[in-house]
Every structure is written in C-alpha cells, then in structure tokens.
Amino acid sequence: MDASLDGRTGNLLGALVTALGDAQRVASESTSGQSGATPAALTYLLQEPGAGVDQISGPLGLTQSAATRLVDRLERDGKARREPGANGRKVAIFLTSEGTREAKRLLELRGGLMEDAMSVLRPRERTVLTGLLERMLAHLTTDADHGQRICRMCALDECPKQTCPVDTAVDGAVVIRTKGPS
C-alpha cells in the first residue's frame, strides 16, 4: 500500500480514537459527576465484583494508594462498600445498588456513543469492521494486565470471554509462554 495512504489511514484512525475517547470521557463525567478513573472503576467493579484494591489499581492505571483513595471516595458517595475478602486479610469491594445503576448507565452511554459512530456503516461494513477490530485488538494486547486495562469499560455481555479478541490473545500468550523455548 502507498505510504501516504498508510499515513492518512493512521491519522484518520487516530482522529477517530481521539473523538470517541473525548466523547466517552465527557459523557461519562457528566453522567457520573466524577472525573478521572471513577467511571472506569464503576464499570470495572460491575465486571469484577469483590475485587480488591490491588486488583483495581492495574486496570485503572493507578497506584495502590490512589486506588485506595478512589475506593474511599466511592464508599463515601454510597456507590461501593468494602467487605472482608475470602482469605480474611484482604478487603473485597462491591458496588452498592446505586453504584450498580450508575455503572450500567455508563455502559449504556458508551454503547450509544459507539452505535452512533457506527450508524453511518452498512451491515456488511460493520461485519468487516468487527473483523478488523478483533485483529487489531489481539495484536495490541501484550499481557493479562494490559488486557484488563483495555477492557475496563467493556460491556462483557456484548463480548463474552470465549469470543473476546483480547482474552483470546492473552490466553494464546500464556500458552506460548508456558511451553518454554522450542
């Protein structure tokens, strides 16, 4: 392919990513009334009920102390609660009914933004786009932690684990690593 076309395609993809990211951030912040990692924390806890602070920090790109402060804020706002973890030493974090409603609203909002962006595509074009996105996501996924970061705001019912290109890439990487050198 022509290098100038590759450059233009990359530039267009970057502009689309920026536009969708900005729209999602603005909509998430206006829906939750919170900025930063709070919307992602809510959607992540909806996916991973009972996660500990150490499990939340990686996907949200936070230090453990920043994740602890975030959970403190969610708890203070009535959106999450701490409970004793399975081993009795760690704490498990769960969304309250208010936090669950807000997380579901955030996922619905994200879905609406993506649907609006794709509304200009015909059904066949959407099918082609799905295949391209699957390949690109699988290629970009580096490990399980990165996979969780990529999917922190995903609607898991729309992309179950067995068909998720990120999970597939992570599972493939784990298999390759456990085989050792050939």
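## A tour from hairpin to helices

Start with the hairpin formed by strands E1 and E2, which has 6 residues between the two strands. Click on Gly 88 in the turn: its phi is positive, about 85°. Keep in mind that this is a predicted model.

Now select residues 80-84 for E1 and residues 91-95 for E2. How do the two strands run? They are antiparallel, and 5 bridges join them. For one facing pair, show Arg 82 and find Ile 93 of E2 opposite.

**Next stop: H3.** Select residues 53-60 to see helix H3. Which residues of H3 are buried? They are Val 53, Ile 56, Ser 57, Pro 59 and Leu 60. Show their side chains and look at what surrounds them. The buried residues of H3 pack against H2, H4, E2 and H7, the last being helix 144-150. So E2 from the hairpin appears again here, as a partner of H3's buried residues. Step just past the end of H3 to Gly 61, which has a positive phi of about 70°.

**Add H2.** Two packed helices are described by the angle between their axes and the distance between those axes. Select residues 38-47 for helix H2 and keep H3 on screen. H2 and H3 pack at about 125°, and their axes lie 10 Å apart. That angle makes H2 oblique to H3. The crossing of the two helices is right-handed. To see the contact, show Ala 40, Ala 41, Tyr 44 and Leu 45 on the H2 side. On the H3 side, show Gln 55, Ile 56, Pro 59 and Leu 60. What kinds of residue make up this contact? It has 7 nonpolar residues, 1 polar and no charged.

**Last stop: H4.** Hide H3 and select residues 64-76, which form helix H4. H2 and H4 pack at an angle of about 80°, with 11 Å between their axes. H2 is therefore roughly perpendicular to H4. From H2, the contact uses Thr 38, Ala 41, Leu 42 and Leu 45. From H4, it uses Leu 70, Arg 73 and Leu 74. Colour these residues by type: 5 are nonpolar, 1 is polar and 1 is charged.

Before you close the viewer, look once more at Ala 41 and Leu 45 of H2. Both take part in the contact with H3, and both take part in the contact with H4. An α-helix has 3.6 residues a turn, so residues three or four places apart point the same way.

Note on methods:
Residues numbered from 1 in each chain as written. Heavy atoms only, no water. Axes fitted to C-alpha atoms, helices over the stretch in contact; angles between N-to-C directions. Helix = DSSP H or I, 4+ residues; strand = E, 2+ residues; numbered from the N terminus. Parallel < 35°, antiparallel > 145°, perpendicular 65-115°, else oblique. Contact = heavy atoms within 4.5 Å. Nonpolar A, V, L, I, M, F, W, Y, C, P; charged D, E, K, R; others polar. Pairing = 2+ DSSP bridges. Left-handed = near helix turned anticlockwise from the far one by under 90°. Buried < 20%, exposed > 50% of the residue type's maximum accessible area, 1.4 Å probe, protein only.
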